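Colleague: I am new to this structure and should be grateful for a short guided reading. May I put some questions to you?

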Amino acid sequence: MTCFVYCIFSLCVFGITEAKDFVTASFSIPNVTTVALIFMKTFITYYHKEKIWGICQELKAIFTRHEESQIKKNLIQAYFSEYILEIRIYGCICVFVFVPIAFPIYKYIAYGTMEFTVDYWFPFDEYNPRLYPIALLFIVFVCYHFLTYLLATDAILFVIMKILAMEFHILRIDFENLKLIKSDELKNKLESLINHHQKLLDCGDDLQDIYELMFFYNFGISALILCVLAFQLLFANDANAYTFVISYFLLIAGQAFILCLNGQKVADNSMKVAEGAYFNGWEDFHCNKIMKQNFFIILRSQRAKQLTAMGFADISLSSFAQIITTTWSYFSLLKRVSSYDD
């Protein structure tokens, strides 16, 4: 926590007291807000680790009760492959961000050049030949750990959301397969599926309670970070700066996109449970109680299990589109401010 606090303080002080112009000072905005976002994700994950573990255990218990079939095996494999692909892309972007941050080490060793990809304030002259290596290694060290924390915390959140979406998908299949169940076993099977459905909804509620503040902050600052990075791209003066800004932009946009994509799948799959309950041959059920329970599931599933940013925005692809739209608006505003400054 001390490292997070110092880094936020140092980035703010540099932007206010040492930045030579508006463009340089504006780069402190995405740096400060990103560090704050990583701190929030790390703190929430650690503080609620028991609740998160409880969600994992509940999803595991639901998963182990599934009857094996080739369709479900293929479905599980598809979701697993999709998650691995998302994390690999996310990890590659993190590496892509880290390389230009660490690149000044090579330039210093090879050519004696003293420069920083990310500017921090230090209580000493960081360009002093004897102190520069300390400042550079500190920046590389904290950036490496920040990116590691970001990837690790998001990987936990994304896998829970992915499994939750997958379980809703499997539940849809199970409800549709009720037409294959013998009449004397139908009541117990339906009650079991209703119980599973309620537990999935409870897991979604728990996930919302844990992460809603982080969702709110993430959505609130993502557009601001992206617009400032797009603005910085106009003034990048070398290949290393271009690489860093582009990779930084992809990192923020990528984590927001993956979050919204999985949130969209949770919502969509939770509503598709109604399709399974509708096409399960309910018209042939001989018990009125079973028919009423089935109709209740159809009605309940027509309302999506939507994760939200404290109710201000849904975690969905439409919200991601709104972030991109807002980014362009902020970017246009910053360009005007910069032209007046010149």
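The exchange below concerns a predicted model.

Colleague: How far apart are the end C-alpha atoms of helix α5?

Modeller: Helix α5 covers residues 70-111, a run of 42 residues. At 1.5 Å a residue, such a helix should span 62 Å. The computed separation agrees with this expectation, as the end C-alpha atoms are 60 Å apart.

Colleague: At which residue does α5 bend?

Modeller: The bend in α5 is about 35°. A proline, P104, follows within four residues of the bend. Beyond the helix comes G112, with a positive phi near 75°. The residue at which α5 bends is I101.

Colleague: Which helix gives the most to the nonpolar surface patch?

Modeller: The patch, of about 400 Å², is made by F96, L233, Y242, I246 and L250. One of these residues, I246, is found in helix α8. The helix that gives the most, with three residues, is α8, residues 239-278.

Colleague: Is I246 buried, partly exposed or exposed?

Modeller: The relative accessibility of I246 is 37%. Buried means under 20% and exposed means over 50%. I246 therefore counts as partly exposed.

Colleague: Is L307 buried or exposed?

Modeller: L307 lies in the loop between α9 and α10. L307 and L207 are 100 residues apart in sequence, yet their C-alpha atoms are 8.1 Å apart in space. With a relative accessible area of 1%, L307 is buried.

Colleague: How much of the span of residues 1-19 is helix?

Modeller: An unreviewed UniProt entry places the feature "signal peptide" at these residues, 1-19. The end C-alpha atoms of the span lie 26 Å apart. Its strand content is 0%, and its helix content is 89%.

Technical notes:
Residues are numbered from 1 along each chain as its sequence is written. This is a predicted model: local features need pLDDT of at least 70, side-chain atom pairs count only at pLDDT 80 or more; totals for chains, interfaces and linings use all residues. Side-chain values use heavy atoms; hydrogens and water are left out. Helices (H or I, at least four residues) and strands (E, at least two) are DSSP runs, numbered from the N terminus. The expected span of a helix is 1.5 Å times one less than its number of residues. The bend at a residue is the angle between axes fitted to the seven residues ending there and the seven starting there. Patches are made of residues with over 30% relative accessible area and no salt bridge: like charges are joined within 9 Å, nonpolar side chains (Val, Leu, Ile, Met, Phe, Trp, Tyr) within 5 Å. Accessible areas come from the Shrake-Rupley method with a 1.4 Å probe; for residues, only the protein chains shown count as cover. A salt bridge is a side-chain nitrogen of Lys or Arg within 4 Å of a carboxyl oxygen of Asp or Glu. Buried means under 20% relative accessible area, exposed over 50%, partly exposed in between (1.4 Å probe, protein chains only). UniProt positions are given in the numbering used here, feature names are shortened, and annotations may be inferred rather than shown by experiment.
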